[in-house]
Amino acid sequence: MPKRTIILIIILTVLTGILVMLAVRNEQRKAEKRTDSNPEAVQKEAMRTAMLTFEPSAVTANASTAAQVVSVMLDSKEHAVGGVQLELLYDPAVLSNVAITTPPQNYFGDASQYAIILNEVDRARGRVSYGIAVAPTVVAVPNIGVIAQLSFTVNPQATVASTEIQVLN
């Protein structure tokens, strides 16, 4: 193969590499501009949230105390919420007989207006998974109300003085 052809192939390969590199860098800059160019949109999306709370927010109990019941409350603000999934963690060495139930009249209405999608308590790992949603024929509306009730007792063999129930994201 002539020397000129080899040099031409090398030059074209280098130019192609440079053009590809410039194109990739340009796409990365465009992606950065898209995420940075509209911080208000990101902030507005983050503000579209509902608030979950426990009622009462703190419980004082010991091994001789009867079962405790804590209501999980949902305040959807002005937003219509069609369903909720809860993932809770607790210390199974401290809390026992953990159960989550749905009150007959709750945030979503009576039993004909909602469906329980998930209701699992893993007592070994200390995890509660619960899901509730409006029935397909019901239109979600903003509301404030109970979505579930968490009940538990204190394990008589517990060696710690306090514990928390964590809500996972």
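Me: Is arginine 127 buried, partly exposed or exposed?
Reply: In this predicted model, arginine 127 counts as partly exposed, because its relative accessible area is 24%, which falls between the cut-offs of 20% and 50%.

Me: And which residue does the side chain of arginine 127 meet in a salt bridge?
Reply: The partner is glutamate 87, with a distance of 3.1 Å from N to O. This pair links distant parts of the chain, since glutamate 87 lies in strand β3 and arginine 127 in strand β6, 40 residues apart.

Me: Is glutamate 87 buried or exposed?
Reply: Glutamate 87 is buried, because its relative accessible area is 12% and the cut-off for buried is under 20%.

Me: How do β3 and β6 run, and how many bridges join them?
Reply: Strand β6, residues 127-134, runs antiparallel to β3, and 7 bridges join the two. Within that pairing, glutamine 85 stands opposite glycine 131 in β6.

Me: What is the strand order in that open sheet?
Reply: The order is β5-β6-β3-β8, an open sheet of 4 strands with antiparallel pairing. The edge strands are β5, residues 114-122, and β8, residues 166-167, each of which pairs on one side only.

Me: What holds paired strands together in general?
Reply: Strands of a sheet pair through backbone hydrogen bonds, and the pairing can be either parallel or antiparallel.

Me: Back to charges: how many salt bridges are there by this rule?
Reply: The count comes to 3. Besides the pair of glutamate 87 and arginine 127, the side chains of arginine 125 and aspartate 122 meet at 3.6 Å, N to O, and those of lysine 77 and aspartate 75 meet at 3.8 Å, N to O.

Me: Where do arginine 125 and aspartate 122 stand, buried or exposed?
Reply: Arginine 125 is exposed, with a relative accessible area of 56%, whereas aspartate 122 is partly exposed, at 29%.

Me: And aspartate 75, buried or exposed?
Reply: Neither label fits aspartate 75, because at 22% relative accessibility this residue counts as partly exposed. Its partner lysine 77 is also partly exposed, with a relative accessible area of 40%.

Me: Anything odd about the backbone there, say, what is phi of lysine 77?
Reply: Phi of lysine 77 is near 55 degrees, which is a positive value in a residue other than glycine. Lysine 77 sits in the loop between β2 and β3, the latter covering residues 83-89.

Me: Which other residue has a phi like that, a positive value in a residue other than glycine?
Reply: Asparagine 97 is one, with phi near 50 degrees. Asparagine 97 is placed in strand β4, residues 95-101, and is exposed, with a relative accessible area of 53%.

Me: Where is there a cis peptide bond?
Reply: A cis peptide bond joins glutamate 55 and proline 56, with omega at about 0 degrees. Proline 56 lies in the loop between β1, residues 51-55, and β2, residues 68-75.

Me: Zooming out, how many helices and strands does the protein have?
Reply: There are 2 helices and 8 strands, and along the sequence they follow the pattern α-α-β-β-β-β-β-β-β-β.

Me: What share of the residues count as buried?
Reply: Of the 169 residues, 25% count as buried. The protein exposes about 11,600 Å², and carbon and sulfur atoms supply 58% of that area.

Me: What about contacts between residues at least 6 apart, what share join residues at least 24 apart?
Reply: Among those contacts, 71% join residues at least 24 apart in sequence.

Methods:
Residues numbered from 1 in each chain as written. Predicted model: local features only at pLDDT ≥ 70, side-chain atom pairs only at ≥ 80, totals over all residues. Heavy atoms only, no water. Buried < 20%, exposed > 50% of the residue type's maximum accessible area, 1.4 Å probe, protein only. Pairing = 2+ DSSP bridges. Contact = heavy atoms within 4.5 Å. Areas by Shrake-Rupley, 256 points an atom, 1.4 Å probe, with all protein chains shown as cover. Salt bridge = Lys/Arg side-chain N within 4 Å of Asp/Glu carboxyl O.
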